[in-house]
Amino acid sequence: MLSIIEQIKQGKLWDFHGGIHPAENKLLSSKQPLKSAGIPSELVLPLKQHIGSRGDIIVNIGDHVLKGQPLTQGDIAMCVPIHAPSSGTITAIEQRTTAHPSGLTDLAIVISTDNQDTWCRGKQYPDYQDRDPAELIEAIRLAGIAGLGGAGFPTARKLQGGLGNVDILIINAAECEPYITADDRLMQDYADEVIEGIRILRHIIAPKLTIIGIEDNKPDAIKALEACVSEDDNILIRVVPTKYPSGSSKQLVKILTGREVPSQARSTSIGVIMQNVGTAFAIKRAIVDGEPLIERVVTLTGEAFKQRGNVFALLGTPIAYLLEKFGYQADKKYPRVIIGGSLMGFTLPHANVPITKITNCILTPKRKELPLHTYEMACIRCSACADACPSSLLPQQLQWYAKDKNYEKCEEYNLSDCIECGACAYVCPSEIPLVQYYRQAKAEIWERKQDEINAERARQRFEAKQQRMERDKAERENRFAKAATDRRQQMASTGGDDAVAAAIARVKAKQAAATDAAPATATATVKPAVAAAIAKAKARQAASASEANAVPDNSEMAALRKQRKLQAREQKAAKHAELMQQQTATEQPAEQVTAKTDAVAAAVARAKARKAAQQEQATTAAESAPEVNTGVENDPKKAAVAAAVARAKARKAAQQANKVQPNIEEE
């Protein structure tokens, strides 16, 4: 039985499941030769234009940069730098909208060009045949080359993974999507440089066989390649039937080799490595000419473009600049600007989006040229999507699970194998945007996996920290135990006791001696002045205690309170008698009133006499009270207060004597 390589050399081709035949619309842009798009006044360079991590910025705002000068750097394989596409001044490092279906912003370097286009070329390798493959791979990485077919996978990383593992090198020249003719025009105008780039790849990988896979709808490109290939190159140009998506990596591998790439695996796992035609051209420019990846071929097509064709556009060129320069006339009712082809492209939110390494087409269709499908109808279960799927998936079930957010089922049905070619949506009679559901589900699955990875990484760090702390603790304990053991052994070898035990015994002996000697030395060390002060303090404390226990004499205050109560009763009786007198004044005869008045006067006189007697008794009691209890004679302040009280009482008695008030009390 013939081997795969022998069957390929004999011209055998295979086929893949599904596929469609949409209108190609390639003649709109494939007839005009390549030309330069010019230098815009401003270049916007997003830091991430490839699969992987972005590099670290090595320039600052205000720096003047040259054409080809690196702007970022990175040491890992999945990070490729970006370079200045033209000379100028860096005016900003800020967030700008990127060429992505989400329409989100990303960090970008903005360069104001000076129209001088001054070069800063890198290292050249015209003798690449004598160079080590690892050196050439590093030069490709430093040139910032990523896959130009649309995926943007770092080329250097792919080449490293293929060293010694592959026997077939495939150059993808199929370019199957409608409207796009960038690779077709590149092969027609620069076939010699494309073949030279393929020779460099052959020197690095050293495959047994190299195949250029190209669709049969590019006859001019086929002729140009055949004219540049020699027998010594060992390169086969294999023309394949036109069918979409034959330009996809897995599908083209199946067509040319009959091998199927496993699910969630790369072609290198089956001994095949694939590179795009544009990538081969960029490798030639980087290795032989010392030019990093600063421009690429972009197709400008669609009936809204007045000048259609393919141009060399500098990376970072705003799409608005290309629209204005090549005569864009927007559709009056439905203006649209699409990056990519009609099946895998996406509509831009606005025209101020820059060209990146994976931008291969700017499509501006009119409404009649590419109708809008805005009404999604219910699925009729016709299975047309499953028949057209090139990856042999079940689009109908995937759409149900994605719509229901059942992402576990999406993974079970191999959603990751979907290449988002759009064949299922193209044949769907219900006009269901299947690819949009798949993209959203993929993004959600990726985000969840990243959260799981971060959580697992945090758990591992925590466990590693705990283990490290336990290990350090055990090491400290072992170190202390070993030191104690060594000390005991040393003391035993010298004939002495343990030094620590001896020190503890000495300390205990000193403490016991100090406790016994304390009572004996206390009296001897106390000074006479200190003893006198202590005696005085004790005497003051005893006096305070005796004063606190003594019973105070409150007889004076009791007498004053009794006198105030008596005065209050007299005033109340006088007021009541006056009221009674007023009430009976009109009813009683004058004689009775006079008699009553005399009785009241007599009662008042008796009350005054009793009050005077009480005051005299109070004064006598106060004078006879012990001096230690009253303290009036000895204390001038108390004496003054007592005199003031006596004067107030005298004045009050005089006022009462002048007033005649009735008294209702009966003798």
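Student: Which residues of α4 meet which residues of α8?

Tutor: On the α4 side they are Asp183, Leu186 and Met187, and on the α8 side Val277, Gly278 and Phe281. Bear in mind that this is a predicted model.

Student: What makes α4 oblique to α8?

Tutor: The two helices pack at an angle of about 45 degrees, with their axes 9 Å apart. Roughly parallel needs an angle under 35 degrees and roughly perpendicular needs 65 to 115. The angle fits neither range, so α4 counts as oblique to α8.

Student: How do the residues of that contact divide by class?

Tutor: Four are nonpolar, one is polar and one is charged. Gly counts as polar here and Asp as charged, so Gly278 is the polar residue and Asp183 the charged one.

Student: Why is α5 called roughly perpendicular to α8?

Tutor: The axes of α5 (residues 191-205) and α8 (residues 277-287) cross at roughly 80 degrees and come within 7 Å. Roughly perpendicular covers 65 to 115 degrees, so α5 earns that label against α8.

Student: Which residues make the contact of α5 with α8?

Tutor: From α5 you have Glu193, Val194, Glu196, Gly197, Ile198, Ile200 and Leu201. From α8 come Val277, Ala280, Phe281, Ile283, Lys284, Arg285 and Ile287. By class that is nine nonpolar, one polar and four charged residues.

Student: Which aromatic cluster does Phe281 belong to?

Tutor: Phe281 forms one cluster with Tyr190 and Phe312. Rings pair if their centres lie within 6.5 Å, and the count by that rule comes to five aromatic pairs.

Student: How do you know that the charged end of lysine 243 sits over the ring of phenylalanine 16?

Tutor: The distance to the ring centre is 4.2 Å, and the cut-off is 6 Å. The rule also asks for a position within 35 degrees of the ring normal. Arginine 479 has its charged end over the ring of phenylalanine 480, 5.7 Å from the centre.

Student: What kind of peptide bond joins tyrosine 244 and proline 245?

Tutor: A cis one, with omega about 5 degrees. Proline 245 lies in the loop between β10 (235-240) and α7 (249-257). Most peptide bonds are trans, and most residues other than glycine have a negative phi.

Student: Which value of phi does glutamate 175 have, and where is the residue found?

Tutor: Its phi is near 45 degrees, a positive value in a residue other than glycine. Glutamate 175 is found in the loop between β8 (168-172) and α4 (182-189).

Student: Why is glutamate 175 called buried?

Tutor: Its relative accessible area is 10%. Buried means under 20%, so glutamate 175 qualifies.

Student: And what makes serine 383 partly exposed?

Tutor: Serine 383 has a relative accessible area of 34%. Partly exposed is what lies between the buried limit of 20% and the exposed limit of 50%, so that is where serine 383 falls. Its phi is also positive, about 65 degrees, although it is not a glycine. Serine 383 lies in the loop between β16 (361-363) and α10 (384-388).

Student: Is glutamate 260 buried or exposed, and how do you know?

Tutor: Exposed: its relative accessible area is 57%, and the label needs over 50%. Glutamate 260 is placed in the loop between α7 and β11 (272-276). Leaving out residues up to four places away in sequence, glutamate 260 touches Lys254 and Ile270.

Student: Why does cysteine 120 count as partly exposed?

Tutor: Cysteine 120 has 29% relative accessibility, so it counts as partly exposed, between the limits of 20% and 50%. Cysteine 120 is found in the loop between β7 (105-113) and α2 (133-142). Setting aside neighbours within four places in sequence, cysteine 120 is in contact with Leu66, Lys67, Gly68 and Gln69. The C-alpha atoms of cysteine 120 and valine 65 are separated by 8.9 Å, and the two residues are 55 apart along the chain.

Student: Which residues of α11 are buried, and what do they pack against?

Tutor: In α11 (residues 395-403) they are Pro395, Gln396, Leu398, Gln399, Tyr401 and Ala402. The buried residues pack against α10, α12 (407-412), α13 (423-427) and α14 (434-494).

Notes. Residues are numbered from 1 along each chain as its sequence is written. This is a predicted model: local features need pLDDT of at least 70, side-chain atom pairs count only at pLDDT 80 or more; totals for chains, interfaces and linings use all residues. Side-chain values use heavy atoms; hydrogens and water are left out. Rings of Phe, Tyr and Trp (its six-membered ring) pair if their centres lie within 6.5 Å; planes under 30 degrees apart count as stacked, over 60 as edge-to-face and the rest as tilted. Helices (H or I, at least four residues) and strands (E, at least two) are DSSP runs, numbered from the N terminus. Buried means under 20% relative accessible area, exposed over 50%, partly exposed in between (1.4 Å probe, protein chains only). Axes are lines fitted to C-alpha atoms, for helices over the stretch in contact, and angles run from 0 to 180 degrees between N-to-C directions. Angles under 35 degrees count as roughly parallel, over 145 as roughly antiparallel, 65 to 115 as roughly perpendicular and the rest as oblique. Contact means heavy atoms within 4.5 Å.
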